[in-house]
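Reader: I am still learning to read structures, and I would like a close look at a single part of this one. Could you choose one strand and take me carefully through its surroundings?

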Amino acid sequence: MNQAPLFRDVTVYDEQEACPYLEGEMARLPLQIPCPPVTPQQADLRFAAGQRRTGEFVYSTQCSSCKACEPIRIPVPQFRFSRTHKRTLSRNGKILMPYIGPVVVDDQRIALFNRHREARALGRSESQIDVHEYVWAFQKSSFDTFEISWSIGNNIVAVAICDQGHSSMSAVYTFYEPSLLSRSLGTWSILKQVEYCQATNRDYLYLGFYIANSRKMSYKSRFFPHERLIDGNWCRFELPSE
């Protein structure tokens, strides 16, 4: 995917590397400093162009031989909660206490992130991050970034780092307690982000990349309707008829 011409971003890194999503593939994910500064309206345009954020940098896939990564978004006004979604919300809603505000950096969140990443590595070895890496990845940002987190008692069990524009929101990274699999916290956290977008009158919730052959990324297609950016066009996918 090529960068949209309306952005004049400054590239600080552009090398091929092992794909973080598909084993055996090579990826090109240039890191860029966003220019001009990101206003809420600019954020909407960047999300729609398929851009993602890590730290203060933006990136999009520019792989020469692979198009497996498809940016995916939920059109919020058309989204309908299924019976399964409603059960998931009901099962957790009376227990989990929410926090919405600036990104918090503390030992509990960093430990939760590391537990989640280790559980989600699915056979791949990933080193743990420390406080400096957590600050760099999530708290430092060129966007309007905030956190939605949930706790049971005094224990944080799920954290969603979000970037918001004028009429859309991007789910930067969501992590949760891997020992609570029966609560479906991954699905639940996305549903709660949809609810936040509905409450704040946003048109889209961007979920990053959908990758059909990646167990870590394919689950995103289970939310309907959704749209995927394919060959420069957002294509709608409806719930399959039974």
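Author: What follows stays with one strand and then moves on to its neighbours and to the pocket beside it.

This is a predicted model, in which local features need pLDDT of at least 70 and side-chain atom pairs count only at pLDDT 80 or more, while totals for chains, interfaces and linings use all residues. Residues are numbered from 1 along each chain as its sequence is written, and side-chain values use heavy atoms, with hydrogens and water left out.

The strand is S11, residues 168-176; strands (E, at least two residues) and helices (H or I, at least four) are DSSP runs, numbered from the N terminus. Eight of the nine residues of S11 are buried, so the strand is largely enclosed by the rest of the structure. Here buried means under 20% relative accessible area, exposed means over 50%, and partly exposed lies in between, with a 1.4 Å probe and protein chains only.

S11 has strand S10 (residues 155-164) as an antiparallel partner, to which seven bridges join it, and two strands count as paired if DSSP finds at least two bridges between them. Cys162, for instance, has Ala171 in S11 as its bridge partner, and three residues lie between S10 and S11, which form a hairpin. S11 is also joined to strand S12 (residues 204-210), but these two run parallel, with three bridges, and here Met169 has Leu205 in S12 as its bridge partner.

The path between S11 and S12 includes helix H5 (residues 185-199), and the three elements make a right-handed β-α-β unit, where right-handed means that, with the strands pointing away from the viewer, the path from the first strand over the helix to the second runs clockwise. In the loop between H5 and S12 lies Asn201, which is exposed, with a relative accessible area of 65%, and has a positive phi near 60° although it is not a glycine.

S11, H5 and S12 are also among the elements that each supply at least two residues of the lining of the largest pocket, and H5 gives the most, with six residues. A pocket is an open set of points on a 1 Å grid over the protein atoms alone where a 1.4 Å probe fits, with protein on both sides within 12 Å along at least five of seven lines, and its lining residues have an atom within 4 Å of a point. The lining comprises 49 residues, and Tyr21, Arg117, Val172, Tyr173 and Met217 lie nearest the centre of the pocket.
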